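Work through the following exercises with the model open beside you, and try each task before reading its solution.

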Amino acid sequence: MSTEKLLIDSDGSFGRRPANVPFGSLFQLVTAILSVITIVLVIHGGMRLATQDRELSTLKTAVSDYQKEVLAMKAHQEARKDAEVTFLRERVVALEAKLTSSTSANGDINLQAELGDQIDPSVTETTDDGATWRPGAVHHQRAKRAASSVTFPAGACLQGPPGIPGRDGRDGMPGRDCPCRAKDVDECASNPCQNGGTCTDGLNRYTCECVAGFTGDNCETAPLTCPSGYVQFRDKCYQFSTTQKQYNDAKAVCLAAGGHLAVAKDEATDNVLVSEIRQRGSADTWMGMSDQVQEGLWVWEDGSVLTGWSNWSTGQPDDGSSTEECAHWYPGYNFKWNDDQCYHSKYFICEVNAS
Ligand SMILES: *[C@@H]1O[C@H](CO)[C@@H](O)[C@H](O)[C@H]1NC(C)=O
């Protein structure tokens with residue numbers, strides 16, 4: 001057996017307790033320090049909880065305020081909707097009443113004008129206060145309508161939503177003619193006129209004044225021109241021959257040039273060509289027309305049959321000797337038209353399209 005004995009302490013604990021070790025006071029010191037730390041931590045935690053409680057309550061208040069605001073906004077919106085619906089209903093009723101009374105009174109109410117469809121946007125009129133009206137048919141019934149009209153809250157010139165009368169401030173508001181303050185923008189700002197054209201701003205539109213020759217709403221179409229050596233009239237180019245040929249040879253020359261012998265289907269063209277012939281020495285000159293295919297059926301070289309305007313000399317075409325099948329401007333008849341044998345050699349005019 002060992003000499004060490006299992007000891008039982010006076011406090012009831014048991015264990016080996018080596019004798020003469022002075023740990024008792026150190027142990028107590030550590031315990032005391034730990035206790036202090038614990039107490040400090042507990043107090044600090046408590047304070048933090050209290051702060052968080054306060055913050056939470058502040059947040060709750062804020063959320064509740066926010067919810068109240070949302071509810072108020074919803075209520076406000078509903079009220080506005082109700083007011084709009086009521087307003088529109090009243091307008092429909094008033095319009096119906098007016099239509100009925102006007103129709104029975106004089107039978108001339110213009111329903112379309114009432115609905116704002118017949119307003120001519122180009123017609124405007126400025127009133128005393130500087131407002132611009134689009135009167136159209138409605139304007140002219142203003143006085144008549146005012147007499148039997150219904151006045152709306154505060155007489156306001158309200159503008160209805162799109163698609164119903166009163167839109168754009170057009171007339172159509174019962175009891176009130178709405179002046180339309182023209183929301184005019186400068187349509188020329190985007191420089192829509194091309195090729196040096198000058199833009200003029202109008203009410204909701206613009207116009208282009210084109211540099212000479214250019215055409216189209218925006219002057220986008222370049223002027224037509226002719227190859228050099230050709231005379232231009234409208235969209236055609238004419239080349240006057242310097243040699244004389246038989247009709248069919250002349251015809252071939254013009255086909256090879258991409259056109260045909262000149263046709264003069266209207267008086268203006270005829271006059272221009274004759275004037276050019278005179279300036280060039282008044283020669284006997286083929287035009288592009290013959291009845292070679294079928295006697296008596298005069299066909300232009302562009303394929304069309306002679307109808308309508310013509311400028312035959314008196315008594316022509318006479319199919320002299322039953323062999324005259326080609327038409328020409330004849331100096332002997334003051335350049336009115338004549339028929340002649342196609343085998344004669346004459347000056348001629350070729351025609352091509354300007355481009
Ligand atoms: C017919 O031709 C002649 C001669 O070119 C011209 O003076 C006249 O204006 C033309 N038209 C009519 C309808 O006579």
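**Exercise 1. Determine which residues I349 is in contact with, setting aside neighbours within four places in sequence, and place I349 in the nonpolar core.**

Solution. Begin with the contact criterion, under which two residues are in contact if their C-beta atoms, placed from the backbone, lie within 7 Å. Once neighbours within four places in sequence are left aside, I349 is in contact with Y238, Q239, F240, L261, A262, L273 and T285. This is a predicted model, in which local features need pLDDT of at least 70 and side-chain atom pairs count only at pLDDT 80 or more, while totals for chains, interfaces and linings use all residues. Residues are numbered from 1 along each chain as its sequence is written.

Next, consider the core, where a nonpolar core is a set of buried Ala, Val, Leu, Ile, Met, Phe, Trp, Tyr and Cys residues joined through C-beta atoms within 7 Å. A residue is buried if 20 or more other C-beta atoms lie within 10 Å of its own, exposed if 12 or fewer, and partly exposed in between, with C-beta atoms placed from the backbone. The largest nonpolar core has 25 residues, of which L261, A262, W286, M287 and I349 touch the most other members. Two or more residues each come from β8 (236-240), α5 (247-256), β10 (285-290), β12 (326-330) and β14 (347-353), and β14 gives the most, with 4 residues. These elements are DSSP runs numbered from the N terminus, helices being H or I runs of at least four residues and strands E runs of at least two.

**Exercise 2. List the residues that surround the ligand, sort the shell by class, and find which helix gives the most to it.**

Solution. A residue is taken as near the ligand if its C-beta atom, placed from the backbone, lies within 6 Å of it. The shell consists of E267, D270, N271, V274, N311, N334, F335 and K336. For the classes, Ala, Val, Leu, Ile, Met, Phe, Trp, Tyr, Cys and Pro count as nonpolar, Asp, Glu, Lys and Arg as charged, and the others, Gly among them, as polar; the shell then has 2 nonpolar, 3 polar and 3 charged residues. Helix α6 (residues 267-279) gives the most to this shell, with 4 residues.

**Exercise 3. Check the length of α6 against the expected span, and describe what follows the helix.**

Solution. The expected span is 1.5 Å times one less than the number of residues. For the 13 residues of α6 this gives 18 Å, and because the end C-alpha atoms are 18 Å apart, the model agrees with the expectation. Just after α6, G281 takes a positive phi of about 110°.

Further along, D284 is found in the loop between α6 and β10, and D284 counts as partly exposed because it has 18 C-beta neighbours inside 10 Å. Although D284 and P331 are 47 residues apart along the chain, their C-alpha atoms are separated by 6.0 Å. Leaving aside neighbours within four places in sequence, D284 is in contact with H328, Y330, P331, K346 and Y347.

**Exercise 4. Compare the surroundings of C199 and D201 in strand β5.**

Solution. D201 is found in β5 (residues 198-202), and C199 lies in that strand as well. C199 has 19 C-beta neighbours inside 10 Å and therefore counts as partly exposed, and D201, with 14 such neighbours, is also partly exposed. Not counting residues up to four places away in sequence, C199 touches C188, N191, P192, C193, Y206 and C208, whereas D201 is in contact with D186, E187, C188 and Y206.

**Exercise 5. Where are N191, R234 and P317 placed, and what are their backbone features?**

Solution. N191 lies in the loop between α4 (142-147) and β5, and its phi is near 50°, a positive value in a residue other than glycine. With 9 C-beta neighbours inside 10 Å, N191 counts as exposed. R234, in the loop between β7 (231-233) and β8, has a positive phi near 55°, and with 11 C-beta neighbours inside 10 Å it counts as exposed. P317, in the loop between β11 (299-300) and β12, is joined to Q316 by a cis peptide bond with omega of about 0°.
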